[in-house]
Amino acid sequence: MSASLQSTLKGFCNNRVWRSIFRRAPARTNRTRSIAIFGNLFLHALPVKVREKSLRVRATYYLGSFSFFLFVVLTLTGIMLMFYYHPAAPKAYNDMKDLRFVVSEGIFLRNLHRLAAQAMVLAVFWHMFHVFYRGGYKPPHEFNWVIGVVLLLLTLFLSYTGYLLPWDQLAFWAITVGTNIISYIPILGKPTRFLLLGGHEIGENALLRFFVLHCVILPLAMIVLIALHFWRIQKDGGLTIRESDERK
Amino acid sequence: MAAEDMGKISDRVRLVFTISSVIFLIVLAVAPLRNLFSEWKYYKREYFRMADGRPDTKKLLADFHPGIDQIWQPNLNVTDRCVTCHQGINQPSLTDATIPQPFRAHPIIPHRATEWGCTVCHRGQGFATEVKEAHQTTLAWEQPILPVRYIQGTCGVCHRTDIPEAPRLARGRAVIEDLSCIGCHKLQGIERPLMLGPDLTNIKNKTSREWIFKWLKDPRTLTDGNGNISVNGYENEDEPRMPRFRLNDTERAALSAFLIDRKSNLIEPYKFDSRVTAAWEKKPDLVDQGETRFRQMFCSTCHSLAVVRGGETQLIGGDIGPELTKVGSKVKPDWLVSWLQNPQAYLPQGLMPRYGWSDEDLYKVNHYVMDRLTDPDLLKDVRIPEQAQANDIQSGNRLFQQKGCGSCHVIAGMKAQKDFGPDLSAEGAKSVSELDFGAAKMPRNLIPYLESKIADPVSVNPNARMPQYHFKEGDLGSVVTAALSMRGTQTTPGIHALVIADARPEYQAAGDFGKAYERYKCYVCHRFNGYGGTLAPDLSYEGSRARQPWITEFLKNPQTLRPTLTFRMPQFNVTDEEARVLANYLALVMQTNRVDLTAHHPEFTSDQASAGKQLYEVTYQCQSCHTIGSAGGYVGPNLINAGNWLNTAWIQEWLTDPQALVPDTIEPHRAFTAEEKSALTAYLVTLKQSGTVKASVPSGGSR
């Protein structure tokens, strides 16, 4: 980086506006850097320092970050889709038609949301396998492993609840099959199915419940748990490093 | 790890990141490009170009805008974007066939597209802005656009009453009703009648096992000895209502054994008056006399006979009752006598009127039918494998139920079969996933399915229980049209509110009139306040039209007023008392308020009458359609007895506005002056045939 660019940057970081936002001058030493991280609402969950080894591609394949990135994509496209969607029969299906035929880039938005959702399921699974085979579930990471498993379930459940929303034949029958499977759980099965569907059959109530789950409850739970997941990585002493990593 | 190693790795990561970002950007760019090159934009540009090159550019482009156009009718649940490409549908200057589609104007129809949208009639996917999605069955839309030949099917979704604009639909509904589809299927807008096929409890009395065996192979009577059909029936008349079931010889033997085994009260042979038997038994012209009587009674109004004319066999006669060419080889003589005397004793819901027979007539006609209307070869080829065994009868019983015979035929002591076939009251709205195509090779959508299934039920399902129907040319299409109109309550709420229900009037006749009305089945041919047949004149206003004495005489001896008609009122041999009751009732009850019979008319003078004659013969040339005596045309009724026949007030009103009295009459509506009307009426009431009625009673004897 050229010297002039560096001095421009320095000037940019050293004025009143910068200070009013970040409360301190740009960090120059390890200590001030640490304080900057600790003092930032968004960054304080992340470790101040990481080991070089854990930054290597092979250490994580960035699968956790990739999953998170997909979650962000899904949130953004999901919010945009919500502008065009009514959780009501038969309007829901008509909205799919509108997205396809009249909304500018509507089909792109829908496809991006759908493909990202499928990719996220894959990424999360891969992430889990990767962590498992690296022994990432071992102490001191046991609790974070459990959170990860819950996140996996949340991802799957988000995928499942989103499946009903287009309100087409595929959606209807997939949810029919799924909720019937649930109803085979002893004792709890039937009440759970009733709770999920808001009735005995898949109708507008089910659509509304799935919509609220998909767009409010599950994403919120996801955000909270993702934050906890990230924060615990730091608190548990960073990523798992294996001996084979040390050797190289 | 050395610092330069780290640097190398991060360089590699950076490269991967850069490449994947570029790929991602390209992918992102595809989406807006797809939008830019979409089909509808192409058609928008093409329309603009076409309109630009025409003299009426300004008018054609008055509503043009570059975005998506749609017809939006929220209460009909219509969002039709068809007009995005079909830009010119409301442009009268684009009606010409040379205008390329999709820009041509819509033909003029009673419903404006802007008020109703397109998919209400045409189906297809109104939301779509892509050609294939809009018109065809796709993964995301099952109801394709209706081919024009079936377009009347959607008229019937709302119009449950027949409308003149949809003749194919009306024909289809009539065929569905005629062929008794209601026997097995639930259908929209068709009620199950009291009787479909005849009651088979006592069929043993009526016919033989051999005949049943033959009939079941192909239910038509007009077959020659080799089983070939010499007159198809359905070529000029309707196919018999009984369809052909795919039965093999064993099955037919079993079914015929079962049917002939029913316990029934055997008919006592009728004891003819011994004087009649003695007088006629030996007469060489007994059969010829019987034929004459058969013709005089006008049995042919309802029954047809095969007649060879110019080397070609034709069916002559009506289609209300069965065709009778070979009935002598079918029925047993004792049964025939008892049937002719009282058809309702055998079939309580039968449509055959109960004639008043003299023994002599009955004897003659019975002999005529049994001797002349026969075919000695009819049952020659029938080889029933064996004598009816108990197990045959049992398997016949089983077959009767398996084939759904009980859906149309009643057998006392057996449970009637209902809803044997699937519910078709919403067939027109069925989705592809609900249809069983089997291994058939055809496009997977409703229309080819219906075409194939109705034409040949085994084409889509080799194990179909549905029998084989034959249709006149074009009727298959009509039936498909009617089936497509049956969409049940699945139509949108908006459409459902628009349904114009089919109100069928019932006419209940009570008392002595009711008894005679029921006995002679007047309603089979005549119409009473909207209820009844259409073969004969509507009698709703008969009391206003005809004078009571004339009605009485006519009932006793129905002489036709229109000599060219093939179908005439049969000679029922109505008793004096019955004729009096019927005429009284018709004269007093069946009236219209337009004709005031009690109004006082000044006496007509002979001057008026001669002026009327002048008007009739010279000014208006009425004789070109009407006959008086032997001169005149045959289009209108014979007026030779008009003075006895018609009420004066009726003639006056008729000359004022004939269509107000009989809506579809072909009588021209002329603007006569009041003097002309009086003169014509004065002339017509002088036309009286005195004493002719009594003299021409055919020698039928009396009861």
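Start by selecting A:Pro140, which sits in the loop between helices α8 (106-133) and α9 of chain A. Look at the bond leading into A:Pro140: the peptide bond from A:Pro139 to A:Pro140 is cis, with omega near 10°. Most peptide bonds are trans. Keep in mind on every stop that this is a predicted model.

Now follow helix α9 of chain A. Helix α9 covers residues 142-164 and has the highest mean pLDDT among the elements of chain A, at 96. For contrast, select residues 243-247 of chain A: that is helix α13, with the lowest mean pLDDT of the chain's elements, 62. Over chain A as a whole the mean is 89, and 97% of the residues reach 70 or more.

Go next to the loop between α9 and α10 (169-182) of chain A, and pick A:Trp167. Its phi is near 60°, a positive value in a residue other than glycine. Most residues other than glycine have a negative phi. Is A:Trp167 buried or exposed? Count the C-beta atoms around A:Trp167 and you get 24 others within 10 Å, so it is buried, the cut-off being 20 or more.

**Zoom out to chain A**

Show chain A as a cartoon. How many helices and how many strands are there in chain A? There are 13 helices and 0 strands, so reading along the sequence gives you α thirteen times over. The radius of gyration is 23 Å, well over the 18 Å that the globule rule gives for 248 residues, so chain A is more spread out than a compact globule. Turn the C-alpha trace along its principal axes and you will find that it spans about 65 × 45 × 30 Å. Buried residues account for 22% of the 248 in this chain. Take the contacts in chain A with a separation of 6 or more: 67% of them join residues 24 or more positions apart.

**Across to chain B**

Where the two chains touch, the contact takes 12 residues from chain A and 13 residues from chain B. Colour the chain B side by residue type: 10 are nonpolar, 2 polar and 1 charged. For the complex, the predictor gives an ipTM of 0.77 and a pTM of 0.80.

Now give each domain of chain B its own colour. Domain 1 is 40-145, domain 2 is made of 157-193 + 420-496, domain 3 is 203-372 and domain 4 is 515-695. Draw a line between the C-alpha centres of domain 1 and domain 4 of chain B, and it will be 55 Å long.

In domain 1 territory, select B:Pro102, in the loop between β2 (78-80) and α4 (113-116) of chain B. Here is another cis bond, from B:Gln101 to B:Pro102, with omega near 10°. Then move to B:Ser180, in the loop between α8 (167-178) and α9 (203-206) of chain B. The phi of B:Ser180 is positive, near 60°, in a residue other than glycine. B:Ser180 counts as buried, with 20 C-beta neighbours inside 10 Å.

**Into the cores**

Select B:Ile551, B:Leu582, B:Leu586, B:Leu646, B:Tyr683 and B:Leu684. These have the most contacts inside the largest nonpolar core, which has 57 residues. Where does this core lie? Domain 3 and domain 4 of chain B both give residues to the core, so it lies between them. Centre on B:Leu582 and, leaving out residues up to four places away in sequence, you will see that it touches B:Phe513, B:Ala516 and B:Leu555. A second, separate core of 30 residues includes A:Leu164, A:Leu196, A:Leu197 and A:Ala206.

**Last stops on chain B**

Pick B:Thr560, in the loop between α24 (548-556) and α25 (576-589) of chain B. B:Thr560 counts as partly exposed, with 14 C-beta neighbours inside 10 Å. Beyond four places in sequence, B:Thr560 touches B:Leu565 and B:Arg568. Add B:Pro637 to the view: the two C-alpha atoms are 8.6 Å apart, although B:Thr560 and B:Pro637 are 77 residues apart in sequence.

Finish by colouring chain B by pLDDT. The chain averages 84, and 92% of the residues score at least 70. Among its elements, helix α19 (residues 475-485) has the highest mean, 93, and helix α31 (residues 692-695) the lowest, 41. Treat two stretches with caution: pLDDT stays under 50 over residues 224-228, and also over residues 231-237.

Technical notes. Residues are numbered from 1 along each chain as its sequence is written. Chains are lettered from A and ligands numbered from 1 in the order in which they are written. This is a predicted model: local features need pLDDT of at least 70, side-chain atom pairs count only at pLDDT 80 or more; totals for chains, interfaces and linings use all residues. pLDDT is the predictor's confidence in each residue, from 0 to 100. Helices (H or I, at least four residues) and strands (E, at least two) are DSSP runs, numbered from the N terminus. A nonpolar core is a set of buried Ala, Val, Leu, Ile, Met, Phe, Trp, Tyr and Cys residues joined through C-beta atoms within 7 Å. A residue is buried if 20 or more other C-beta atoms lie within 10 Å of its own, exposed if 12 or fewer, and partly exposed in between; C-beta atoms are placed from the backbone. Domain bounds come from an automatic or database domain assignment. Two residues are in contact if their C-beta atoms, placed from the backbone, lie within 7 Å. Ala, Val, Leu, Ile, Met, Phe, Trp, Tyr, Cys and Pro count as nonpolar, Asp, Glu, Lys and Arg as charged, and the others, Gly among them, as polar. The radius of gyration is taken over C-alpha atoms; the globule rule is 2.2 Å times the number of residues to the power 0.38.
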